[in-house]
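Please look over the structure shown here before reading on. The paragraphs below are written for a reader who meets this model for the first time.

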Amino acid sequence: MAVVCAGAAALLVAGRDRGAARARLLLAGGGTVRQAPWWAPERLRPAARLRREWLCLPVALVLAGLAESVLPLIAGAGAVPLVRRRLRAGERRRERERRAHAVIALCGAVAGELRAGLQPGPALVSAAGATGGLGGARTAVTAAARFGGDVPRALREAAGEPGAAGLAGVAACWRVAVESGAGLAAGLDRLEAALRAERDQRDELRAQLAGARSTVGLLALLPVAALAIGWALGADPLRVLFHTPEGLVCLLAGAVLEAAGLCWAARIVRGGEER
């Protein structure tokens with residue numbers, strides 16, 4: 001099973017690399033594209049980053065060997081989509097935070113370019129290229145700013161991306177400055193200060209909740225500590241859990257209670273973050 005899993009992972013990585021190589025060759029403009037070998041760090045690093053959830057299978061294989069049961073393999077296979085979902089949620093959260101930081105930097109950069117003497121359109125184009133705070137809608141916004149399009153509308157559309165809600169404030173400042181002649185730099189300075197204060201508040205709340213998260217993780221590891229204590233006392237807890245009716249009942253009840261406790265604690269922490 002371990003060999004089959006390793007082969008499947010290699011095929012997935014090779015297939016993705018073939019698609020990327022074909023795209024590079026098509027866009028090379030007639031030149032040559034040198035491809036790194038499969039063992040090169042730049043090719044192994046993305047595969048390791050995107051396939052971390054498959055580490056559940058080797059761990060389950062080891063546990064299955066120690067317990068002489070197929071149940072850990074079934075549990076490991078079921079844990080792969082759950083771990084993948086958790087990892088993707090973490091990636092989306094980090095991407096949202098990076099985009100929020102980029103929007104704050106965009107406000108400061110545009111204000112600085114305006115004070116340096118640039119017009120609003122070129123200032124936005126220059127700042128967007130330097131900070132990348134517009135996300136996937138950067139092309140539309142820069143095109144509207146460069147060619148006299150509807151910049152506020154493009155900014156409002158870009159604000160729909162996760163973490164880029166501050167761009168709606170940039171759109172409002174832009175519209176007010178165009179319609180009433182108010183200073184755009186001063187409005188962007190105030191918007192940057194407000195977004196920075198909101199970010200600091202989120203960081204402070206996250207720091208206060210770090211202790212709760214650590215407690216949840218410690219409680220989740222208590223069953224592992226109990227198994228280790230059983231081995232230290234000379235017992236065989238895995239044989240009891242996987243090869244006796246009473247142990248199977250205890251294993252099932254413990255797994256259900258553990259999952260319910262983790263979900264409950266995670267919901268409490270998540271509720272505190274949202275408020």
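What follows is a guided account of selected features of this predicted model.

A suitable starting point is helix 3, which covers residues 56-67 and contains leucine 66. On the surface, Leu66 joins Val59, Val62 and Leu63 in a nonpolar patch, and together these residues have about 370 Å² of accessible area. Leucine 66 itself counts as exposed because its relative accessibility is 56%, and the threshold for that class is over 50%.

Proline 58 also lies in helix 3. With a relative accessibility of 41%, proline 58 is classed as partly exposed. A residue further along the chain comes into view here: glycine 76 is 18 residues from proline 58 in sequence, while the two C-alpha atoms are 8.5 Å apart in space.

Beyond helix 3 the chain enters a loop that leads to helix 4 (71-115), and glutamate 68 is situated in this loop. The backbone of glutamate 68 has a phi near 55 degrees, a positive value in a residue other than glycine. Glutamate 68 is exposed, since its relative accessibility is 65%.

The account now turns to charged side chains. Side chains of opposite charge can pair when their charged atoms come close. The structure holds 16 salt bridges, and three of them are described here, beginning with the one between arginine 153 and glutamate 157. The closest N and O atoms of this pair are 3.5 Å apart. Both residues belong to helix 7 (residues 151-158), where a spacing of 4 residues corresponds to about one turn of the helix. Glutamate 157 is exposed, as its relative accessible area is 52%.

Helix 9, which spans residues 184-220, holds glutamate 192 and arginine 196; because they are 4 residues apart, about one helical turn separates them. Their side chains meet in a salt bridge with an N to O distance of 2.7 Å. Are the two partners buried or exposed? Glutamate 192 is buried, with a relative accessible area of 16%, whereas arginine 196 is partly exposed at 32% relative accessibility.

Helix 9 also contains aspartate 203 and arginine 206, which are 3 residues apart and therefore separated by about one helical turn. A salt bridge links arginine 206 with aspartate 203, and the closest N and O atoms lie 3.2 Å apart. Arginine 206 is partly exposed, with a relative accessible area of 27%, and aspartate 203 is likewise classed as partly exposed at 36% relative accessibility. This pair belongs to one network, in which salt bridges that share partners join Arg93, Glu97, Asp203 and Arg206.

The cysteines complete the account. A disulfide is a covalent bond between the sulfur atoms of two cysteines. How many disulfides does a search of the whole structure find? The search finds 0. Cysteine 107 offers an illustration: the closest cysteine sulfur, in cysteine 173, is 7.5 Å from the sulfur of cysteine 107, which is too far for a bond because a disulfide requires the two sulfur atoms to be within 2.5 Å. Cysteine 107 is buried, with a relative accessibility of 1%. Cysteine 56 is buried as well, at 18% relative accessibility, since that class takes in values under 20%.

Terms used. Residues numbered from 1 in each chain as written. Predicted model: local features only at pLDDT ≥ 70, side-chain atom pairs only at ≥ 80, totals over all residues. Heavy atoms only, no water. Patch = residues over 30% accessible without salt bridge, like charges linked within 9 Å, V, L, I, M, F, W, Y side chains within 5 Å. Areas by Shrake-Rupley, 256 points an atom, 1.4 Å probe, with all protein chains shown as cover. Salt bridge = Lys/Arg side-chain N within 4 Å of Asp/Glu carboxyl O. Helix = DSSP H or I, 4+ residues; strand = E, 2+ residues; numbered from the N terminus. Buried < 20%, exposed > 50% of the residue type's maximum accessible area, 1.4 Å probe, protein only.
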